[in-house]
Amino acid sequence: MSQFVAENFVPLMFSGLLVFLLTGIPVAFGLAATGLLFGFIGMEVGLFGSNLFQALPLRVFGIMQNDTLLAIPFFTFMGIILERSGMAEDLLETVGQVFGPVRGGLAIAVILVGALLAATTGVVAAAVISMGLISLPIMLRYGYNRTIATGTITASGTLAQAIPPSLVLIVLADQLGRSVGDMYAGALVPGVALVGLYLAFIAVVAIVKPSWVPALPPEARIYREPTGASGHRSLLVLLAVCGAAGWAWSQVHGQWVNAWIERATPAPGDEVLIMSMTVASLLALALAGLNRLLRLGLLSRLAERVTFVLIPPLVLIFLVLGTIFLGIATPTEGGAMGALGALLMAIGRRQLSFKLLNQALENTAKLATFVLFILIGSTVFSFTFNAADGHVWVEHLFDKLPGGALGFLIIVNLLIFILGCFIDFFEIAFIVIPMLVPVAEKLLPEMLPGVPVDAVMVWFGVVIAMNLQTSFLTPPFGFALFYLRSVAPKADYKDRITGEAIPAVTTPQIYKGSIAFIILQLIMVGLIIAMPSLVVSGLSEQTQVDPNQALEQLMQSDSAPSGEPGASEPAFDPMQGLGDTPAKP
């Protein structure tokens, strides 16, 4: 029996984890229980020495001292404050008025506001529930197709997983052992491209099936001038002026910023984009403020409304991401700045109250504790798993796959997609990803010759993040589908504006609506795999090292006598000694 357990230890460990999870025990405790139980079993059958768990407390304390994870509560707090202060309602109303006159305008507004909420709140539940409460009744009132309406809302809410500052990107960066800033930079272009893919889909629907996505009727457009004009011309002029200012900044950004921070390499494209949009946004805010203060009357009501509602959250996003990309602030510091900015915006909107602050702090503490406990449980599990050379076992599972590195990537994405139908993305990130990292570091660099390993792993992380986004839409346990079901009308009702009877939204309609957007997300995953430049081109240039100089420095270091400067001592490794411990007979 002992020999059987020793030979099949890793498969039995996975089976034990499955049994624990099927009992309904919380995932964090199931992971920790599996790791501890099989650790003791391994000691009994002679796989490990009795000092296996000696270094475990150091690992746990290391998790609690991880500064990177501090970004999670900061960004969560920022998102909850902004969402509870009524920002989503104002954004949906304003952007809906801008695009309402065209077919599919309401769906376009939902997608754009979903992207904006993703970059501010970063919480799927808040985005889906807000847009479900506000936009869905309006879409139903004016005759939108049910599947298009529900699919647009749920898919737009899940953008919070793909667009920085996403929580899943922070978690993946920690599990991959890479920089959160690099993950943000790598995910920026794919996230924006996914938004473009959603908008293109709505445009195609508006052309092929215009009756599915009707325009707002004239009586529903509330921001009109005394002359009856819509105000769009004034908005376009303001947009053109600010766009020209942003373009002008992009031409001088590298020269000015490089001199300021004393950087020799060219400015990355994502940094230039973020800072140019920041300049354009600040200019729009300044012009609208002067127009109102001096009563110049140069801007329409619509242009002023768009500026004062849309620009403050945009400026907050750009400043947070811009400081991270410039290297002025770490992601944790950027999150703290974002939380402070959210508080100031709530104060400016006169929405900050003790009740709101208490709710935000309570929900932030719950989510941060949830993440921390899962991470501790997964650490206990991986402690025993790695001691049993589980990573070697996982590597052997993939080394016979056809297609080499590409085959590995396809199978991994298929596995994560299937798991996403049943379990949460946090659990996937903490259980599955650590097992795949050693294999990915060996296999994937051959797909991107000449690209540093760190950049390759960031690309792998962005692919996984984009795939994990589908877990919120895939039946039977797509959380975004549940969130919308909780706020969608469950019975027929009379619309308060038109007085017409509106049929209820059924669960099959919500599930059916997600299918097209799941396909779009999978297309985006395929595009990132086929075109890695979407990710790696956004990463800063790696410092080039002269191999001859490095070899010379290494020889000088090795020749230095012990105790003198330049002599190096091996760092303390808490796992040292496990491999030297004699196994029991």
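# Exercises on a predicted model

Glu93 is partly exposed, with 31% relative accessible area. Keep that residue in mind as you work through this predicted model.

**Exercise 1. Find the salt-bridge partner of Glu93 and place both residues in the fold.**

Step 1. Glu93 pairs with Arg305, and their closest N and O atoms are 3.7 Å apart. The cut-off for a salt bridge is 4 Å, so this pair qualifies.

Step 2. Glu93 belongs to helix H6 and Arg305 to helix H14, so the bridge ties together parts 212 residues apart in sequence.

Step 3. Arg305 has a relative accessible area of 24%, and it is partly exposed.

**Exercise 2. Extend the picture to the network that includes Glu93.**

Step 1. Look at Arg349, which bridges to Asp90 with the closest N and O atoms 2.6 Å apart. Arg349 sits in the loop between helix H15 (331–348) and H16, while Asp90 is in helix H6, so this contact joins parts 259 residues apart in sequence.

Step 2. Turn to Arg292 in your viewer: a salt bridge connects Arg292 with Glu304, at 3.2 Å between the closest N and O atoms. Arg292 is in helix H13 and Glu304 in helix H14, 12 residues apart.

Step 3. Now collect the bridges that share partners: Asp90, Glu93, Arg305 and Arg349 form one network.

**Exercise 3. Classify the ring pair Phe201 and Phe517, then say whether each residue is buried or partly exposed.**

Step 1. Start with the total: the structure holds 16 aromatic pairs.

Step 2. For Phe201 and Phe517, the ring centres are 5.3 Å apart and the planes meet at 75°. Planes over 60 degrees apart count as edge-to-face, so that is the class of this pair.

Step 3. Phe201 is in helix H11 and Phe517 in helix H23 (residues 507–530), so the pair links parts 316 residues apart in sequence.

Step 4. Phe517 is buried at 1% relative accessible area, whereas Phe201, at 21%, is partly exposed.

**Exercise 4. Describe the lining of the largest pocket.**

Step 1. Begin with the space: the largest pocket holds about 1,100 Å³. Of its 38 lining residues, Leu112, Met277, Leu310, Leu314 and Phe318 are the closest to the centre.

Step 2. Sort the lining by class: 32 residues are nonpolar, 6 are polar and none is charged.

Step 3. Assign the lining to helices. Those supplying at least two residues each include H6 (87–99), H7 (105–120) and H13 (269–293). H14 contributes the most, with 9 residues.

Terms used
Residues are numbered from 1 along each chain as its sequence is written. This is a predicted model: local features need pLDDT of at least 70, side-chain atom pairs count only at pLDDT 80 or more; totals for chains, interfaces and linings use all residues. Side-chain values use heavy atoms; hydrogens and water are left out. On a 1 Å grid over the protein atoms alone, a cavity is a set of points where a 1.4 Å probe fits but cannot get out, and a pocket is an open set with protein on both sides within 12 Å along at least five of seven lines; lining residues have an atom within 4 Å of a point. Grid points are joined across faces, edges and corners, and a volume is the space filled by probe spheres set on the points. Helices (H or I, at least four residues) and strands (E, at least two) are DSSP runs, numbered from the N terminus. Ala, Val, Leu, Ile, Met, Phe, Trp, Tyr, Cys and Pro count as nonpolar, Asp, Glu, Lys and Arg as charged, and the others, Gly among them, as polar. Rings of Phe, Tyr and Trp (its six-membered ring) pair if their centres lie within 6.5 Å; planes under 30 degrees apart count as stacked, over 60 as edge-to-face and the rest as tilted. Buried means under 20% relative accessible area, exposed over 50%, partly exposed in between (1.4 Å probe, protein chains only). A salt bridge is a side-chain nitrogen of Lys or Arg within 4 Å of a carboxyl oxygen of Asp or Glu.
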